[in-house]
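Please look over the sequence and the 3D structure shown below before reading on. The report that follows starts with the protein as a whole and then turns to particular places in the fold.

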Amino acid sequence: MSDDDFMLESDNEEYEFDYEDDGDEESPDVDIENRYYNAKQMKAGDPAAAIEEFLEVVKLEKEKGDWGFKGLKQAIKLEFKLKQHEKAVAHYAELLTYIKSAVTRNYSEKSLNNMLDFISSSNDTEDMPYMERFYSMTLDAFQGTNNERLWLKTNIKLAKLWLDRKEYSRLTRNVRNLYNACRKPDGSDDPSKGTYLLEVYALEIQMYSETGNNKKLKALYNKSLRVRSAVPHPRIMGIIRECGGKMHMSEENWKDAQSDFFESFRNYDEAGSLQRIQVLKYLVLASMLMKSEINPFESQETKPYKTDPRIQAMTELVEAYQRGEIHRYENILQKNKSDILSDPFIREHIDEVTRNIRTEALLKLIAPFTRFTLEFIGKQLRIPVPEVQEILGFLILDKKIKGKINQQNGTVQIESNVDADRMRAIREWSNSLEKVSKAMFTEGEGFKSHEDMSGLMIAEEFGDCLW
């Protein structure tokens, strides 16, 4: 048969093809999906209508699944934002029923975590009671699923919320519950929960640091450093070490403070935390207070930050301090006042640093003089006369200089160190002669001669006339 004959024969035959019947209506899943995305577009313009549409998505789903879970999440956030708290709480209770089987464990954990972050971001006091209810419901739900890990993580998140809001009584309650959860039935610490235990320690240490309870802070800080059963996140150790450094600073233990701030910086840097910049400033502060001649930016860990614009002011300040360049130090401090003094902790201790450099500059300035005026020193150092007098008074009391301040005339008389050294040498020589003479008298009469006695009498007379 030719090709033409085949074509002619084909035209006379009717072939029926089976096509898949899509139907005039969309499948249920497509309809639900469209409703969901339509509701999302309505959120900004008409949030109330968007809530209704999201809840309709939940109703359309015959069995609990992803779309209903997503719809409830969106509705709850909008209700909470619109202060429809009771509705938000009721729908959150419904949402929690999905975590048992309707959605995957990882997805539900991430979604609930984001939901709690959203609820916690509110600063409205009206939201506070409902915020606590959200956390309480979440914790009950995790207990119901025997998910202790999520229960611990959520409780720690709640404790962080109370810490951020300085709700210390609520925080104490949470910390107590967390300690109980991290212990064995016999009351000892559970080694398998050492990582969580360190997080709890960090929270409580922060609370004691903020409230100035150094006694409890020190005990808990030392206890946290003895935990060996944990592999903590470096951010947690950064927090503990930072609080430890602040504690040492309050005790004027500059050396240990510097060590702790360095460890804190190293941990924050490893964790990628922005707090590393602030702690690096604390490290510079501690280095200046301990009068270290080693630049804190010389280490391998800190060197990359030496030229960082966020730390530049402190870099220049420590260089001026270590070189004793008081005027440059004062200019840098004045120029970057808002940046340096914006941190309350630095503001609390920078006066001590300034006092130190002024004291050293004063000692260097008066070294060649035995008499000078307070006004002269004030002009040279560019500081008020009352502060000059205060620094000099401290130096005299501390016996770093010997002198007298005449407040009426505003003058200072310094004793010559040369004369003092000469008098000290003569006193030592006189004492040595006295010891020799006593030894001669004691050892025997045969060694005593008229010349010896005369020499002794001369020495004693010489000693008497000196003193």
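## The protein as a whole

In this protein of 467 residues, 42% of the residues are buried. The model is a predicted one, and the values given here were computed from its atoms. The secondary structure consists of 22 helices and three strands. Among the contacts in the protein with a separation of 6 or more, 59% are made by residues that stand 24 or more positions apart. The accessible surface of the protein comes to about 27600 Å², and carbon and sulfur atoms account for 49% of that surface.

## The largest pocket

Which residues lie nearest the centre of the largest pocket? They are S209, E210, E242, C243 and K246, and they belong to a lining of 22 residues. The space in this largest pocket is about 530 Å³. Several helices contribute to the lining, since α10 (194-211), α11 (214-225), α12 (234-250), α14 (275-289) and α18 (344-366) each supply at least two of its residues. The largest share, seven residues, comes from α12. When the lining is sorted by class, it has eight nonpolar, eight polar and six charged residues.

## A buried serine

Is S111 buried or exposed? With a relative accessible area of 6%, S111 is buried, because this value falls under the 20% cut-off. S111 is found in helix α6, which covers residues 105-120. If its neighbours within four places in sequence are left aside, S111 is in contact with F69 and K73.

## Salt bridges

Side chains of opposite charge can pair when their charged atoms come close. The structure holds 28 salt bridges, and three of them are set out in the table, each with the distance between the N and O atoms.

| Salt bridge | N to O distance |
|---|---|
| E148 and K193 | 2.8 Å |
| K218 and E251 | 3.4 Å |
| E298 and K306 | 3.8 Å |

Consider the pair of E148 and K193, whose closest N and O atoms are 2.8 Å apart. E148 lies in helix α8 (residues 148-164), while K193 lies in the loop between α9 (168-181) and α10, so the pair ties together parts that are 45 residues apart in sequence. The two partners fall into separate classes of exposure: E148 is partly exposed, with a relative accessible area of 39%, whereas K193 is buried, with a relative accessible area of 12%.

The salt bridge between K218 and E251 has its closest N and O atoms 3.4 Å apart. Here K218 lies in helix α11 and E251 in the loop between α12 and α13 (254-271), so this pair ties together parts that are 33 residues apart in sequence. K218 is partly exposed, with a relative accessible area of 35%, and for E251 the relative accessible area is 35%, which makes this residue partly exposed as well.

In the third pair, the side chains of E298 and K306 meet in a salt bridge with an N to O distance of 3.8 Å. E298 counts as partly exposed at 44% relative accessibility, and K306 is partly exposed with a relative accessible area of 26%.

Which residues are linked with K83 in a network of salt bridges? K83 is linked in such a network with D124 and D127.

Key: Residues numbered from 1 in each chain as written. Predicted model: local features only at pLDDT ≥ 70, side-chain atom pairs only at ≥ 80, totals over all residues. Heavy atoms only, no water. 1 Å grid on protein atoms, 1.4 Å probe; cavity = no way out; pocket = protein on both sides within 12 Å on 5 of 7 lines; lining within 4 Å. Points joined across faces, edges and corners; volume = space filled by probe spheres on them. Helix = DSSP H or I, 4+ residues; strand = E, 2+ residues; numbered from the N terminus. Nonpolar A, V, L, I, M, F, W, Y, C, P; charged D, E, K, R; others polar. Buried < 20%, exposed > 50% of the residue type's maximum accessible area, 1.4 Å probe, protein only. Contact = heavy atoms within 4.5 Å. Areas by Shrake-Rupley, 256 points an atom, 1.4 Å probe, with all protein chains shown as cover. Salt bridge = Lys/Arg side-chain N within 4 Å of Asp/Glu carboxyl O.
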